[in-house]
Amino acid sequence: MPSKAPTVALKRIRRIFRGLPDTARNEMVRLLDEGGRAMVGAIRARTPRLRGRLQAGIRYQVYRASLRLRVGLIGVRSNSRLFYGRILDRGRRAQTVTVSRRKIARSTLVNGRRDAHRPYQLRVRALPARRFVSGRYPDLKARIGNSLRGYWDRVLRQISGGANG
């Protein structure tokens, strides 16, 4: 298992990011914002749609300080309406689970007898992974990579003093 500690090269890259001029940082944020909007559109197009809630839950976030882009079901763990999005995206294995219903203060009559709320076994079928968020988007990644390649050429030329103007 790889270690979580950042490597020396990663620390150097982060130092370079922190030292970027404001104009370069603003341009990078703009490029990441454009890429995020494009990726959200592509992910929403591949998202399964029943009522549209899952599509509406797909968002992107640009972190200006670290120059990172997050795209997908951001904040889903805290959003109980969209918990199933991760299950649909990553899939689920078949399993048998024990379900215990909440005990209600006064049990109710069900089919003429008291419902005891006893635990029972439930078979859950497998779901294949749909990979609408975690899937590969080679055309989008190439487009974003090309725009960033041009960005780094301009920024490095400017930092090294080779820019005219």
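This passage describes the secondary structure, the nonpolar core and one pocket of a predicted model. Local features are reported at pLDDT of at least 70 and side-chain atom pairs at pLDDT 80 or more, whereas totals for chains, interfaces and linings use all residues. Residues are numbered from 1 along each chain as its sequence is written, and side-chain values use heavy atoms, with hydrogens and water left out.

The chain contains five helices and six strands, taken as DSSP runs (helices H or I, at least four residues; strands E, at least two) numbered from the N terminus, and these elements follow the order α-α-α-β-β-α-β-β-β-β-α. Of the 165 residues, 25% are buried, that is, under 20% relative accessible area with a 1.4 Å probe, protein chains only.

The largest nonpolar core, a set of buried Ala, Val, Leu, Ile, Met, Phe, Trp, Tyr and Cys residues joined through side-chain atoms within 4.5 Å, has 26 residues, and those with the most contacts inside it are Leu20, Leu67, Phe132 and Tyr151. At least two core residues come from each of α2 (22-46) and α5 (138-160), and α2 supplies the largest share, nine residues. Beyond its neighbours within four places in sequence, Leu67 is in contact (heavy atoms within 4.5 Å) with Phe17, Leu20, Arg25, Met28, Val29 and Leu32.

Among the residues that line the second largest pocket are Pro48, Arg81, Tyr84, Leu88 and Arg130. The lining divides into five nonpolar, two polar and five charged residues, where Pro counts as nonpolar, Arg as charged and Gly as polar. To this lining α3 gives the most, with three residues.

Conventions. Buried means under 20% relative accessible area, exposed over 50%, partly exposed in between (1.4 Å probe, protein chains only). On a 1 Å grid over the protein atoms alone, a cavity is a set of points where a 1.4 Å probe fits but cannot get out, and a pocket is an open set with protein on both sides within 12 Å along at least five of seven lines; lining residues have an atom within 4 Å of a point.
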